[in-house]
Amino acid sequence: MLDHYIVRPPKAVELQLVQMLRHDVLDPQRQIPSDLVLSAHDYDTEYIHMAAYDGTKIVSTVRLNPLIAKINTYVVRKMATAEAYQGKGLGGGVLEMAERVAVARGAEGFILDARKEAIPFYEKHGYILTGAEVSHTDGITNFTMTKQVCDGN
Ligand SMILES: CC(C)(COP(=O)(O)OP(=O)(O)OC[C@H]1O[C@@H](n2cnc3c(N)ncnc32)[C@H](O)[C@@H]1OP(=O)(O)O)[C@@H](O)C(=O)NCCC(=O)NCCS
């Protein structure tokens, strides 16, 4: 199934398309154009982007942010697969590839705040619930999960 798709880091000129996918999947109710503006972080070479392509179309994406406060730990952010492409292994493929790049840069662990419905997805990829929860002003609660890189990875 995955043979049909390519997983690679998006080019800088494609980051706006990445942002549009994030918006459509993660934040569709927000309509202000500023949501489609990339943050300075997106152009920071310390940050790791990964995307899955169906031809030239970006259909899954993730960004790993280096955590300043804890060296060699990356924060998994903006994980999103276009609705029509969910459940095909693309999110997993993108996440694993991004993690591999991070490990090559010295990552020893990963941390993220998961939406409740995404917890099983992250568990399949080795993430464990820490018990910590993050409540947002919009009433949504996220669940902190971590993953340690195994020796030999
Ligand atoms: C969570 C998400 C990124 C997974 O991407 P994906 O490409 O569907 O993932 P894969 O195909 O590699 O893995 C499939 C697994 O993801 C989970 N999954 C599939 N669709 C999902 C959905 N709509 N919402 C949450 N998890 C889903 C299931 O655990 C599934 O396992 P199963 O096939 O054994 O049931 C994707 O479903 C998505 O973008 N969801 C909406 C946005 C979101 O919740 N992002 C995470 C924020 S923390």
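How far does a polar side-chain atom of Lys124 lie from an oxygen atom of the ligand? The legends below take up this question and then turn to other close-up views of the model, which is a predicted one.

**View 1. Polar atoms of the protein beside oxygen atoms of the ligand.** In this predicted model, a polar side-chain atom of Lys124 lies 2.3 Å from an oxygen atom of the ligand. The backbone contributes as well: a backbone N or O atom of Gly91 is placed 2.8 Å from a ligand oxygen atom, and a polar backbone atom of Thr81 is likewise found 2.8 Å from an oxygen atom of the ligand. On its own the ligand has 840 Å² of accessible area, and the protein covers 72% of this.

**View 2. The pocket and the shell around the ligand.** The ligand takes up the space of the largest pocket. Two or more residues of the shell are given by each of helix H1 (15–26), strand E4 (73–81), helix H2 (90–104), strand E5 (109–114) and helix H3 (119–124); the largest share, four residues, comes from H3. There are 21 residues around the ligand, and those that come nearest are Gln86, Gly89, Gly91, Gly92 and Lys124.

**View 3. Thr61 in strand E3.** Thr61, which lies in strand E3, has a relative accessible area of 0% and is therefore buried, the limit for this class being under 20%. Leaving aside neighbours within four places in sequence, Thr61 is in contact with Val18, Leu21, Arg22, Met50, Ala51, Lys78, Met79, Ala80 and Val94. With one of these residues, Met50, there is a polar approach, in which a polar atom of the Thr61 side chain lies 3.4 Å from the backbone oxygen of Met50. Gly126, by comparison, is 65 residues from Thr61 in sequence and 19 Å from it in space, C-alpha to C-alpha.

**View 4. Asn65 in strand E3.** Asn65 belongs to strand E3 (residues 57–66) and is buried, with a relative accessible area of 8%. A polar contact of 2.9 Å joins the side chain of Asn65 to the side chain of Arg63. When neighbours within four places in sequence are set aside, the residues in contact with Asn65 are Tyr47, Thr73, Tyr74, Val75 and Arg77.

**View 5. Positive phi angles at Asn72 and Lys78.** Most residues other than glycine have a negative phi. Asn72, although not a glycine, has a positive phi of about 65°; this residue is placed in the loop between E3 and E4 and counts as partly exposed, at 28% relative accessibility. Lys78 is not a glycine either, and its phi is positive at about 60°. Lys78 has its place in strand E4, where it is partly exposed, with a relative accessible area of 28%.

**View 6. Gln148 in strand E7.** Gln148 is found in strand E7, which covers residues 141–148. With a relative accessible area of 53%, Gln148 is exposed, because that class begins at values over 50%. Not counting residues up to four places away in sequence, Gln148 touches Glu108 and Gly109. Between Gln148 and Gly109 there are 4.3 Å in space, C-alpha to C-alpha, although the two residues are 39 residues apart in sequence.

How values were computed. Residues numbered from 1 in each chain as written. Predicted model: local features only at pLDDT ≥ 70, side-chain atom pairs only at ≥ 80, totals over all residues. Heavy atoms only, no water. Buried < 20%, exposed > 50% of the residue type's maximum accessible area, 1.4 Å probe, protein only. Contact = heavy atoms within 4.5 Å. Near = heavy atom within 4 Å. Polar contact = N/O pair within 3.5 Å; in protein donor to acceptor, adjacent residues only side chain to side chain. Areas by Shrake-Rupley, 256 points an atom, 1.4 Å probe, with all protein chains shown as cover. 1 Å grid on protein atoms, 1.4 Å probe; cavity = no way out; pocket = protein on both sides within 12 Å on 5 of 7 lines; lining within 4 Å. Sits in = over half its atoms within 2 Å of the grid points.
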